[in-house]
Amino acid sequence: MLESQFGHINICSNLWRVIMTIVRHTRNIALFAIISFLAGCSNLLNQKDPDVIVTTEPMLTKSEEGEVDKVTSAESINLDKVEGKGLTLGNNIIYFEYDKYSIEKSEYKEIIVKYSEYMIEHENATLRIEGHADERGSRAYNLALGEKRSENIKEMMLINGVKSDSIEVVSYGEENPAVQGTNEETHSLNRRVEIVFINTGK
Amino acid sequence: MKYFIFAAILQLILNSNLYAELTIKIDRAKVGALPIMISFNSDSKNFSSNIFQEIVKNDLYSSGFFNVLDSSNVKNNISKKSTQYALWTLAGTNYFLIGNIYQDNGIDYIRFDLHDVIKKNIVASYKINLTKNSNIRKVSHTISNVVFEKITGIKGIFDTKIAYISTEKVNKRKIYKLHVADIDGHNSVAIYKSSKQLMSPTWSPKNDKIAYVSFENNRPEIFVQSLSTGDREKLLSGKYSSSAPAWSPDEKYMAYTLSVNGNLEIFIYNFKTNTSKRITNSIGIDTEAEWHPNSKEIFFTSDRSGRPHIYKQSINKNKAKRVTFDGSYNADANISSDGKYLSLVHNAGNGHKIAIFSLEDRYLRVISNGRLDEAPSFAPNNKMILFASKKIHKGILVATSNDGRIRQEIELKGENVREPIWSH
């Protein structure tokens with residue numbers, strides 16, 4: 001599981017290297033290449049945060065993968081640079097009821113236990129717990145809802161024995177929806193917490 | 001190639017500036033609007049009367065209180081010193097505003113006389129000195145204020161400002177802007193731009209500073225920015241997630257929200273001592289502080305009852321009193337300057353709407369009909385409410401009279417607008 005995801009990180013890192021190589025050789029198209037890369041990548045990866053260019057989803061077809069590997073085979077690949085961004089331990093999203101922040105379902109509690117165990121095993125690992133709300137109601141209140149959702153998960157991890165300073169909590173309120181739309185289905189997908197590694201500790 | 005890209009980027013910047021003008025659509029009940037005629041002329045070569053006339057016309061029309069009639073058929077018959085009430089009555093107007101720009105000893109003045117056509121007298125007569133440095137828009141708004149107040153008895157708000165947040169997509173990246181604009185949409189200035197989220201703008205009591213939340217350090221933090229110098233300062237030093245700033249009317253404190261041991265609590269920052277004091281202590285969410293005009297009490301949103309509702313608390317006591325009981329959701333309270341009403345986001349099961357809650361008789365009245373309405377704020381004269389709404393997935397601003405009769409939609413071309421707040 002983990003390995004295959006690192007594989008994808010590998011590809012993106014490779015892709016970046018290809019572009020940097022092109023940049024070095026042909027300065028005139030440097031800007032254009034970077035812009036196309038960012039635009040293309042964010043499209044392909046369907047990422048909400050444009051800073052993050054790595055995902056757990058496969059993003060290239062088999063044949064493209066091969067090509068990318070060929071071009072970069074001369075260079076060594078440094079996995080540390082991506083610092084575990086995009087790595088998950090399987091499911092990393094916990095969903096919430098409207099205006100609520102309690103975690104009821106056992107499947108969500110299992111996610112928290114799984115992450116807690118990982119954090120205890122990997123002393124240097126750090127997590128960011130990102131809270132979100134749906135678009136309805138006041139923005140400042142939604143920011144608070146997202147924060148409370150994240151804080152609750154942090155609290156459960158602390159009870160499980162995770163060190164407090166290895167967890168960062170941030171709420172984006174209603175600003176970064178997972179899906180667009182204004183019906184109950186999309187709203188329920190947007191009321192969520194995403195657990196993200198800042199550092200996998202490996 | 002390089003130049004082509006530079007040109008493209010430049011084009012984008014230029015376009016976004018061009019598009020920064022707000023458009024206002026007025027939708028209002030025709031009944032009850034007072035007929036008025038407005039005619040300005042100029043005997044001075046330094047100033048044209050047209051711009052003054054157009055701004056005053058637009059102000060009075062957009063207030064919803066007036067129906068501005070075409071005066072072109074009667075204005076030529078008006079000699080400067082006499083008035084022709086009979087003719088004006090025939091033309092169907094109740095009021096006639098005559099403006100004249102003239103020179104006296106080489107100094108320019110604009111004089112305006114407001115005639116009550118039915119009572120056949122002049123109800124207001126003023127002159128304003130005009131210089132090269134005169135802000136024509138401001139002078140015109142001042143004239144509108146006088147006319148509005150003389151006729152309606154309500155303080156005019158045509159020279160006040162609004163702040164709001166806009167977002168637009170540039171090269172697939174979201175750009176956030178904090179704007180300050182005149183209430184007629186003119187003189188819109190983006191006072192801060194960021195690729196990270198901006199939210200919760202709020203005016204200082206003297207309208208010379210704006211506090212807001214910025215995610216530039218990847219967490220919500222409160223910043224205070226001076227409008228005259230542009231200088232900005234983080235309210236709290238250190239890595240705190242702070243939000244929902246609210247200035248006390250006496251300018252001594254800033255209330256804000258901070259997370260403590262997993263709960264969101266309200267703190268009060270003292271500008272004199274540079275220290276903060278925690279004033280709420282409940283399991284759950286306490287946020288969105290709003291000061292009573294007395295600077296001694298705050299209203300805030302809390303879910304301590306299980307649902308978000310508005311509570312009130314003295315800043316020197318630890319006991320909060322629940323204020324709202326209607327519906328399942330009341331949040332983001334904004335108080336009228338007389339301390340009598342709260343405007344808030346209300347849900348009783350059919351969407352989030354704007355409501356006015358009377359603190360005296362505890363009556364809650366819904367005044368908007370959207371499903372995603374939010375961020376209400378009272379005009380300085382308490383007669384209008386500005387809020388954010390959605391129109392086919394686009395964020396727009398709506399200004400409505402506090403009875404909901406007059407409704408103005410304010411849109412920004414190519415951008416989503418949200419979180420409007422009226423200056424004091």
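## Reading helices, an interface and loops in a predicted model

The secondary structure of chain A comes to six helices and four strands, and the model in which they are seen is a predicted one.

Me: In what order do the elements of chain A run from the N terminus on?

Reply: Starting at the N terminus, the elements of chain A follow the order α-α-α-β-α-β-α-β-α-β. Among the contacts in chain A with a separation of 6 or more, 75% are accounted for by residues 24 or more positions apart, and 33% of the 202 residues of chain A count as buried.

Me: How should I read the place where chain A touches chain B, and how many residues does the contact take from each chain?

Reply: The size of an interface is often given as the accessible area lost when the parts come together. Here one can read the residues instead: the contact takes 28 residues from chain A and 34 residues from chain B. On the side of chain A that touches chain B, at least two residues each are supplied by α2 (30-45), α5 (139-159) and β3 (167-173) of chain A, and α5(A) gives the most, with twelve residues. By class, that side of chain A divides into 13 nonpolar, five polar and ten charged residues.

Me: What span should the 21 residues of α5(A) have, and how far apart are its end C-alpha atoms?

Reply: The general idea is that an α-helix has 3.6 residues a turn, so residues three or four places apart point the same way. For the length of α5(A), one reckons 1.5 Å a residue, so that its 21 residues should span 30 Å, and this agrees with its end C-alpha atoms, which are 30 Å apart. The helix α5(A) is also mostly covered, since 17 of its 21 residues are buried, and it is followed by A:Gly161, whose phi is positive, near 105°.

Me: How do I describe two helices that pack together, and at what angle do α2 and α5 of chain B cross?

Reply: Two packed helices are described by the angle between their axes and the distance between the axes. In chain B, the axes of helix α2 (residues 50-62) and helix α5 (residues 136-152) come within 9 Å and cross at roughly 45°, and α2(B) and α5(B) are therefore oblique to each other. Their crossing is right-handed. The contact involves residues of α2(B) including B:Ile51, B:Phe52 and B:Ile55, together with residues of α5(B) including B:Ile143, B:Val147 and B:Phe148; by class, the contact of α2(B) with α5(B) has nine nonpolar, three polar and two charged residues.

Me: Where is B:Gly64 found, and is B:Gly64 buried or exposed?

Reply: B:Gly64 lies in the loop between α2 and β3 (66-69) of chain B, and it is buried because 22 other C-beta atoms lie within 10 Å, where 20 or more are needed for that label. B:Gly64 and B:Ile385 are 321 residues apart in sequence, and their C-alpha atoms are 13 Å apart in space.

Me: What is the phi of B:Asn207, and what is the phi of B:Asn218?

Reply: B:Asn207 is not a glycine, although it has a positive phi of about 60°; B:Asn218, also not a glycine, has a positive phi of about 65°. B:Asn207 is in the loop between β10 (198-203) and β11 (209-214) of chain B, whereas B:Asn218 is in the loop between β11 and β12 (221-226) of chain B. With 15 C-beta neighbours inside 10 Å, B:Asn207 counts as partly exposed, and B:Asn218, with 15 C-beta neighbours inside 10 Å, counts as partly exposed as well.

Methods
Residues are numbered from 1 along each chain as its sequence is written. Chains are lettered from A and ligands numbered from 1 in the order in which they are written. This is a predicted model: local features need pLDDT of at least 70, side-chain atom pairs count only at pLDDT 80 or more; totals for chains, interfaces and linings use all residues. Axes are lines fitted to C-alpha atoms, for helices over the stretch in contact, and angles run from 0 to 180 degrees between N-to-C directions. Angles under 35 degrees count as roughly parallel, over 145 as roughly antiparallel, 65 to 115 as roughly perpendicular and the rest as oblique. A crossing is left-handed if the near helix is turned anticlockwise from the far one by less than a right angle, and right-handed if clockwise. Two residues are in contact if their C-beta atoms, placed from the backbone, lie within 7 Å. Ala, Val, Leu, Ile, Met, Phe, Trp, Tyr, Cys and Pro count as nonpolar, Asp, Glu, Lys and Arg as charged, and the others, Gly among them, as polar. The expected span of a helix is 1.5 Å times one less than its number of residues. A residue is buried if 20 or more other C-beta atoms lie within 10 Å of its own, exposed if 12 or fewer, and partly exposed in between; C-beta atoms are placed from the backbone.
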